[in-house]
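Reader: I would like to go through this model with you before setting anything up. Could you show it to me?

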Amino acid sequence: MKPKIFCLIGLFFFVVSYIMFSQGSKLAYFQKPIDFAHWFNLIGAVFLISFNKVFPKNNLNTVASFLTTLGVIAHIGLCTIDFIMWSFGDDDIAKAQLSEHISNTPSILLPFIIIGPSLLFIGLAVHASNFIKTNPISSLMVIIGAPAVGFSFFILKNGMFMVLSCLLFALGLVLLLYREEKQKILTQ
């Protein structure tokens, strides 16, 4: 398969996971018999590493690829933590103890909860910034959508805005992914 197909698969799973996350208390529906939301998020994040191969190679791409890769690694860690949390089922005491332990362990909290997962969004936004002159709208969709996902989740705690931000982010990446084809069609 071509890397672009992997990118599309990643975006699909990633967006679907955020739609599931946006359901809030209804999320339990997506966690039986397995934690589908986090599996989709994990699969999506791993496939998103393919964006490192589809964009032109330059210094900015090298930085963006490094950040994206770190973000994927952090998503793997975050999903692992969430799977462990999910495995406790209705044992709220065990969940609270694990949360407290993670909160008191900076070597887990910072790279896998606070900073790390954001690097995936930052890395893809840096990739998009490569095209700010040639494809300003789609680049800005990614650059604005990336922080908006986090802002809507952590600050606003608004599931609908989170999904819309994720869709903006993903649509911008799809437009950048197929930017050459669009330009070829326009010049023919």
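Author: One definition will be needed shortly: two residues are in contact when they have heavy atoms within 4.5 Å. Please also keep in mind that this is a predicted model. With that definition, among contacts in the protein chain between residues at least 6 apart in sequence, 70% join residues at least 24 apart.

Reader: What does the secondary structure of the protein chain come to?

Author: The protein chain has 10 helices and zero strands. Its pattern along the sequence is accordingly written α-α-α-α-α-α-α-α-α-α.

Reader: Which dimensions does the C-alpha trace span along its principal axes?

Author: The trace spans about 65 × 35 × 30 Å. The radius of gyration is 17 Å, which agrees with the value near 16 Å that a compact globule of 188 residues would have.

Reader: What percentage of the residues count as buried, and how much accessible surface is there?

Author: Of the 188 residues, 43% count as buried. The accessible surface of the protein chain comes to about 10,400 Å², and carbon and sulfur atoms account for 72% of that.

Reader: Turning to electrostatics, how far apart are the mean positions of the positive and negative charges?

Author: They are 19 Å apart, taken over 12 positive and 8 negative charges.

Reader: Which residues does UniProt list for "transmembrane region"?

Author: The unreviewed UniProt entry lists residues 34–51, 63–88, 108–126, 138–155 and 161–178 under that name. In the model, residues 63–88 are 96% helix and 0% strand, with 38 Å between the end C-alpha atoms. Residues 161–178 are 94% helix and 0% strand, and their end C-alpha atoms lie 26 Å apart.

Reader: Let us look at single residues. Where is Val163 found, and is Val163 buried or exposed?

Author: Val163 is found in helix H9, which covers residues 159–177. Val163 counts as buried because its relative accessibility is 10%, and the cut-off for buried is under 20%.

Reader: And which residues is Val163 in contact with, leaving aside neighbours within four places in sequence?

Author: With those neighbours left aside, Val163 is in contact with Tyr18, Ile19 and Ser22. Val163 and Ile19 are 144 residues apart along the chain, yet their C-alpha atoms are separated by 5.8 Å.

Reader: What about the loop before that helix; which residue there has a positive phi although it is not a glycine?

Author: That is Lys157, with a phi of about 50°. Lys157 is found in the loop between helix H8 (136–156) and H9. At 65% relative accessibility, Lys157 counts as exposed.

Reader: Now Asn52, please. Why does Asn52 count as buried, and which residues does Asn52 touch?

Author: Asn52 counts as buried because its relative accessibility is 11%. Asn52 has its place in helix H3, residues 51–54. Not counting residues up to four places away in sequence, Asn52 touches Lys57, Asn61, Ala64, Ser65, Thr68, Thr69 and His127.

Reader: One last residue: where does Leu109 sit, and how far apart in space are Leu109 and Leu78?

Author: Leu109 belongs to helix H6, residues 106–114. Leu109 and Leu78 are 9.4 Å apart from C-alpha to C-alpha, with their positions 31 residues apart in sequence. The contacts of Leu109, leaving aside neighbours within four places in sequence, are with Ile102, Ser103 and Ile114. Leu109 counts as buried because its relative accessibility is 19%, which is under the 20% cut-off.

Methods:
Residues numbered from 1 in each chain as written. Predicted model: local features only at pLDDT ≥ 70, side-chain atom pairs only at ≥ 80, totals over all residues. Heavy atoms only, no water. Helix = DSSP H or I, 4+ residues; strand = E, 2+ residues; numbered from the N terminus. Rg over C-alpha atoms; globule rule 2.2 N^0.38 Å. Buried < 20%, exposed > 50% of the residue type's maximum accessible area, 1.4 Å probe, protein only. Areas by Shrake-Rupley, 256 points an atom, 1.4 Å probe, with all protein chains shown as cover. Lys, Arg positive; Asp, Glu negative; His and termini not counted. Charge placed at Lys NZ, Arg CZ, Asp CG, Glu CD. UniProt positions renumbered as here; feature names shortened; annotations may be inferred.
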